[in-house]
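Open the model in your viewer, switch on a cartoon view, and keep the selection box handy. We will walk from one stop to the next, and at each one you will select something and look around.

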Amino acid sequence: MDRFNVFKRLVYAIVVFLCLSSSFITPNYNTDSIKDEYIPKDGFVPDAKTAIKIAEAIWFPIYGREIYSRKPFKAKLINEHIWQVEGTLPAKYDGGVPYAEIEKKDCRIIKIYHSK
């Protein structure tokens, strides 16, 4: 693996770590002053097209360009609130596909992996 790819993965890992760790920090302000939290009626991930775009943005830094050989990506809504997004394996092809679960309401990544 060349140095640029190692650097990209390291930067991505740091960004993901910072995002995840910041979600555990409790803000130091009075929450009574917050009147309304804005959440769109259909959530921040309202449709399959949006869910696929989000999954691609997450997969690409992790798995690289190879994810595009697993198109078309398919998204379906499960339990009315979780988008399940996965790639498609071409006929007569060994390997796996990228997979992600994304919360419809707040765009939270629930699960991400690449099958074998």
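**Stop 1: a pair across two strands.** Select P98 and H114: H114, in strand 4, is the bridge partner of P98. Helices and strands here are DSSP runs (H or I of at least four residues for a helix, E of at least two for a strand), numbered from the N terminus. Before going on, note that this is a predicted model, in which local features need pLDDT of at least 70 and side-chain atom pairs count only at pLDDT 80 or more, while totals for chains, interfaces and linings use all residues. Residues are numbered from 1 along each chain as its sequence is written, and side-chain values use heavy atoms, with hydrogens and water left out.

Now add Y99 and Y113 to the selection; Y113 in strand 4 is what Y99 stands opposite. Strand 3 (residues 98–103) and strand 4 run antiparallel and are joined by 5 bridges. Two strands count as paired if DSSP finds at least two bridges between them.

**Stop 2: the other neighbour of strand 3.** Keep Y99 selected and add E86, which stands opposite Y99. Strand 2 also pairs with strand 3 in the antiparallel sense, over 5 bridges.

How many residues of strand 3 are buried? The strand is mostly covered, with 6 of its 6 residues buried. Buried means under 20% relative accessible area, exposed means over 50%, and partly exposed lies in between (1.4 Å probe, protein chains only). Color P98, A100 and I102 one way and Y99, E101 and E103 another: these are the two sides of strand 3, and both faces are covered. In a regular strand the side chains alternate between the two faces of the sheet.

**Stop 3: the whole sheet.** Select the strands together. You should see an open sheet of 4 strands in the order 1-2-3-4, with antiparallel pairing. Strand 1 (74–78) and strand 4 (109–114) stand at the edges with a single partner strand each, so one side of each has no neighbour in the sheet. From one strand to the next, the twist averages 15°; this is an angle between axes fitted to C-alpha atoms, taken between N-to-C directions from 0 to 180 degrees (for helices, the fit covers the stretch in contact). Strands of a sheet pair through backbone hydrogen bonds, either parallel or antiparallel.

Zoom out for a moment. The protein chain has 2 helices and 4 strands, and along the sequence the pattern reads α-α-β-β-β-β.

**Stop 4: A55 and the core.** Select A55, which sits in helix 2 (residues 48–63). Is this residue buried or exposed? A55 is buried, at 0% relative accessibility. Leaving aside residues up to four places away in sequence, A55 touches V85, A100 and I102; a contact means heavy atoms within 4.5 Å. Try the distance tool on the C-alpha atoms of A55 and A100: they are separated by 6.3 Å, although the residues are 45 apart along the chain.

Next, select V45, A55, W59, V85 and I102. These have the most contacts inside the largest nonpolar core, which has 13 residues. Such a core is a set of buried Ala, Val, Leu, Ile, Met, Phe, Trp, Tyr and Cys residues joined through side-chain atoms within 4.5 Å. Helix 2, strand 2 (82–86) and strand 3 supply at least two residues each, and helix 2 gives the largest share, 6 residues. In soluble globular proteins, nonpolar side chains tend to be buried together.

**Stop 5: unusual backbone spots.** Most residues other than glycine have a negative phi, and most peptide bonds are trans. With that in mind, visit three loops:

- Select K71 and P72: a cis peptide bond joins them, with omega about 5°. P72 lies in the loop between helix 2 and strand 1.
- Select E80, in the loop between strand 1 and strand 2. E80 has a positive phi of about 65° although it is not a glycine, and it is exposed at 68% relative accessibility.
- Select C107, in the hairpin of strand 3 and strand 4, which has 5 residues between the strands; its phi is positive, near 70°. C107 is partly exposed, with a relative accessible area of 27%.
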